[in-house]
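The exercises below concern one structure with two protein chains. Each task is followed by a solution in steps.

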Amino acid sequence: MSAPYPRRRGALAAVGLLAVGALALSACSPSGEPKPTASVAAEPDATLTVGLVLEPTNLDIRHTSGAALEQVLVDNIYEGLVTRTQDNGIEERLASAYEISDDGLIYTFTLNDGITFHDGTALTSADVVASYQAVKSDASVQGHAEFADVASITAPDAQTVTITLTKPDQNFLFTLTGPAGLVFKKGDTTDLKTAENGTGPFALERWAKGSAITFDRFDDYWGDAATIGEVVFQYIPDFTAGVNAALDGTLDVLTAVDPNLVSQLEGTGDFTVTTGRTTDKATLAFNNAKAPLDDVRVREALRLAVDHEALVEAIGAGQTLYGPIPELDPGYEDLSDVAPYDPAKAKKLLKESGHEKLELTLTIPSFYGTTAAQVLVSDYAKVGVSLEVKRVEFPTWLEDVYTNHDYELSFVLHVEPRDFVNFANPDYYFGYDNPEVQKLYEQSQTEIDPDKSAGLLKKAARLVSEDHAADWLYNGATLTAHTAAVSGFPTDSINSRIDLAGVTKSAE
Amino acid sequence: MIRYALTRGALLIAGLLVSSAIIFLTLRVFPGDVAQLIAGTQADPQTVEALRESLGLNKPLLAQYGDWIAGILRGDLGTSQLSGASVGAELAEKSRVTVPLGLMALAIALLIAVPLGVLSALLRGRAGGTALSIGAQTLAAVPVIWAGMMLVVVFAHRLGWLPAQGFPRSGWATPAKAFESLLLPALTIGVVEGAMLMRFVRSATLQAAGQDFVRTAAAKGLTRRQALIRHGIPAVGLSIVTVLGVQIAGIVVGSVVIEQLFTLPGIGRMLVADVGTRDLVKVQSELLVLTGFVLVIGFVVDLVHHAVDPRQRAEEG
């Protein structure tokens with residue numbers, strides 16, 4: 001059976017990112033030109049303080065979904081055989097090299113030399129096998145469903161790991177860049193919820209819940225040592241408070257800056273603000289399985305009625321997106337021709353479908369800003385649709401919308417990369433069921449040639465957009481501010497990964 | 001006295017039991033659960049079900065309630081379903097912010113209420129007294145959150161004297177900083193609670209003024225005001241103790257709002273966050289501890305009252 005839910009990551013991720021993204025999306029400041037940094041020598045033992053919005057609930061990345069967790073732990077504390085670049089490319093990490101057999105079924109990884117866990121134990125292929133076996137056999141481990149096509153995981157010798165699939169999986173290597181691919185010590189008894197034993201360039205120093213997580217450089221790191229001595233992730237849930245903390249000198253870096261507050265930071269001349277790309281898809285979900293949204297004319301009308309350009313401007317950052325695949329994922333195509341702003345046509349379609357006057361409810365998790373909902377209410381009013389906005393807590397959203405499919409319209413920022421599968425899964429909360437799309441997706445996953453695979457995805461994505469399975473309000477961008485002393489801080493995709501390896505801080 | 005203490009103690013235990021049942025049941029009306037939150041939006045239903053099972057969320061309600069109460073009786077407040085941390089330990093840690101905040105707020109409230117309350121009673125009928133009364137009435141009606149925002153605007157933004165949010169990462173290891181960061185929040189609660197308390201002090205003082213022993217003292221040659229200050233006010237003290245019990249509950253409630261506003265890592269904010277993540281085992285233990293705290297204060301106040309006030313003992317016969 002094909003994995004019905006090949007990717008599973010983060011509700012919290014969704015939440016966090018969403019919150020982050022939503023705000024991030026709300027202002028349009030051109031990305032600050034990086035100021036020429038005075039060439040002051042980097043301080044190797046410097047402490048870097050990074051302001052973040054969403055704190056993880058625990059540190060157990062094996063069992064808990066969430067971008068807040070991945071953002072800080074992956075690559076810094078824990079590592080996998082392969083990892084992701086800022087633009088979602090795949091590169092080697094614990095593996096020095098990997099090979100994929102011509103039939104796409106056998107993956108052979110060679111490990112780097114001298115890798116040790118933070119407790120000093122050497123890492124061998126046996127640890128990799130044990131970690132991946134757990135993903136395969138234990139349903140409660142994150143990534144379990146994505147390992148459905150894994151036939152065997154073996155270690156021919158201490159430096160080599162071989163994974164055999166039952167059928168080719170174009171996404172498998174990418175899966176290994178996420179939590180499912182992280183390597184833990186075999187038989188470790190560390191309580192992963194509160195402690196860690198990874199292999200990364202940093203080790204957990206302290207976690208003051210509700211306030212900050214501190215990492216220290218791990219001096220016996222197998223690769224290039226980190227270029228800062230200590231990192232403090234300071235969690236500040238309020239956006240204005242975050243900016244205040246940056247302004248009073250508490251922070252070196254502030255992530256997820258509210259676009260409306262950017263001018264305060266830039267005004268001082270002390271901060272450089274960068275705009276990073278993300279795979280955040282601000283998704284206006286339609287309940288395709290429920291009248292009147294099971295009528296494609298109604299769904300099309302609801303897309304044509306939204307002025308996406310104006311919406312992006314109101315949000316303040318990000319770009320328009322007219323299909324399910326964002327620019328950073330394979331299969332992206334500009335689909336703006338499918339649903340251009342056309343309120344007159346929207347009205348006509350609604351009339352045709354017998355819904356000249358329509359009342360709909362939009363269910364939206366309460367941590368999102370109000371901008372998107374306000375724009376929708378006003379755009380829809382112009383075509384005779386009155387929209388009632390129902391703000392709920394995230395667990396309520398999960399139960400009502402996600403689990404019980406009890407909704408009409410919903411707004412959530414879907415942050416996971418490569419999550420097109422949700423439109424190929426008729427049981428997902430979108431209620432969208434198109435066998436042609438499902439077939440194309442399946443083919444794209446078993447296709448060995450990446451370009452051909454992307455081509456198939458592109459075709460499927462166009463179909464989804466032409467079916468108006470949902471509306472994509474925008475593709476989020478995330479703003480990051482840092483002081484002149486900081487260099488090398490990542491820009492793109494940082495709401496799911498902040499790789500601190502090359503970051504330096506100078507004395508100023 | 002012993003009989004009274006025993007009866008009152010039994011009432012306390014019954015109160016705790018009833019509260020625990022109410023807390024447990026009311027939390028169960030929330031839609032959504034922690035298992036779904038842990039699993040995420042890409043999880044398949046089987047995974048969520050497996051998680052629910054392992055967290056004990058599938059057990060019958062009565063069994064869940066029994067497990068919880070049995071744990072409490074063993075002195076175990078439970079473990080967070082989300083973070084795996086001990087609820088007791090986290091409560092202890094967060095109380096290092098909330099308890100000092102509450103005590104500071106209480107001190108501020110008393111500093112405002114007692115002198116101003118007595119003063120406004122003494123000045124009754126005069127312009128000053130009326131002004132004080134109206135001021136207290138107005139302040140007592142102010143929502144805590146609005147008072148907090150006003151104080152932030154004035155003292156943090158305009159004057160820049162005090163921090164507007166947060167608690168030092170080093171905590172009480174840097175006492176001056178920790179104290180500073182609690183000052184505005186404590187002032188916020190203290191002023192509003194103080195205004196309410198002041199109205200009470202005023203009316204208690206006025207009532208005392210009408211009592212026989214004050215009149216007697218006045219008849220013996222003291223002025224009315226002297227009689228009131230020497231004999232009336234000590235009697236007022238006792239009733240203030242009673243009202244303080246209620247005030248403390250108000251301060252606990254106020255701290256939930258205030259910690260949110262000032263981003264203080266205390267019990268109030270923890271509670272709000274835990275409700276948001278449906279970490280219900282944790283929430284119910286936290287609520288029970290808070291309820292227990294308020295009930296115990298009421299118990300102590302009653303005992304003190306009983307021991308000190310001869311009229312009550314007489315009634316008991």
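**Exercise 1. Surface and fold of chain B**

State how much area chain B exposes and which atoms supply most of it, then describe the elements and extent of the chain.

Solution.
- Chain B exposes about 15300 Å², and carbon and sulfur atoms supply 69% of that area. The model is a predicted one.
- Chain B has 13 helices and zero strands, so the order of elements from the N terminus is α throughout.
- Along the principal axes, the C-alpha atoms of chain B fill a box of roughly 85 × 60 × 35 Å.
- Of the 317 residues in chain B, 46% are buried.
- Among contacts in chain B between residues at least 6 apart in sequence, 71% join residues at least 24 apart.
- Chain B carries 25 positive and 19 negative charges, and the mean positions of these two sets are 16 Å apart.

**Exercise 2. The contact between the chains**

Determine how many residues each chain gives to the contact, how much area is buried, and which residues form the salt bridge across it.

Solution.
- Chain A gives 42 residues to the contact and chain B gives 31 residues.
- The size of an interface is often given as the accessible area lost when the parts come together. Here chain A and chain B bury about 3000 Å² between them, with 53% of it on carbon and sulfur atoms.
- The count of salt bridges between chain A and chain B is one. B:R278 pairs with A:E393 in a salt bridge, and the closest N and O atoms are 3.1 Å apart.

**Exercise 3. Burial of two basic residues**

Classify B:R8 as buried or exposed, and do the same for A:K348.

Solution.
- B:R8 belongs to helix 1 (residues 2–27) of chain B. The cut-off for buried is under 20% relative accessible area. The relative accessibility of B:R8 is 15%, so B:R8 counts as buried.
- Leaving out residues up to four places away in sequence, B:R8 touches B:G298, B:F299 and B:D302.
- A:K348 belongs to helix 9 (residues 343–352) of chain A. Exposed requires over 50%; the relative accessibility of A:K348 is 52%, so A:K348 counts as exposed.
- A:K348 and A:T199 are 149 residues apart in sequence, and their C-alpha atoms are 60 Å apart in space.

**Exercise 4. Salt bridges within the chains**

Which parts of chain A does the pair A:D45 and A:R217 tie together? Examine the pairs A:E300 with A:K345 and B:K282 with B:D274 as well.

Solution.
- Side chains of opposite charge can pair when their charged atoms come close. A search of the whole structure finds 27 salt bridges over all chains.
- A:D45 and A:R217 form a salt bridge at 2.6 Å, N to O. A:D45 lies in the loop between helix 1 (11–24) and strand 1 (47–52), and A:R217 lies in strand 9 (residues 212–217), so the pair ties together parts of chain A that are 172 residues apart in sequence. A:D45 is exposed at 57% relative accessibility, whereas A:R217 is buried at 18%.
- A:E300 and A:K345 form a salt bridge at 3.4 Å, N to O. The pair links helix 7 (residues 296–304) with helix 9 of chain A, 45 residues apart. A:E300 is buried at 16%, and A:K345 is partly exposed at 35%.
- B:K282 and B:D274 form a salt bridge with the closest N and O atoms 3.0 Å apart. B:K282 is buried at 3%, and B:D274 is buried at 7%.
- Salt bridges that share partners join A:E70, A:D75, A:E79, A:R93, A:R497 and A:D499 into one network.

Definitions and conventions. Residues are numbered from 1 along each chain as its sequence is written. Chains are lettered from A and ligands numbered from 1 in the order in which they are written. This is a predicted model: local features need pLDDT of at least 70, side-chain atom pairs count only at pLDDT 80 or more; totals for chains, interfaces and linings use all residues. Side-chain values use heavy atoms; hydrogens and water are left out. Helices (H or I, at least four residues) and strands (E, at least two) are DSSP runs, numbered from the N terminus. Buried means under 20% relative accessible area, exposed over 50%, partly exposed in between (1.4 Å probe, protein chains only). Contact means heavy atoms within 4.5 Å. Accessible areas come from the Shrake-Rupley method with a 1.4 Å probe; for residues, only the protein chains shown count as cover. Lys and Arg count as positive and Asp and Glu as negative; His and the chain ends are not counted. The place of a charge is taken as NZ of Lys, CZ of Arg, CG of Asp or CD of Glu. Buried area is the accessible area (1.4 Å probe) that two parts lose on being put together, summed over both. A salt bridge is a side-chain nitrogen of Lys or Arg within 4 Å of a carboxyl oxygen of Asp or Glu.
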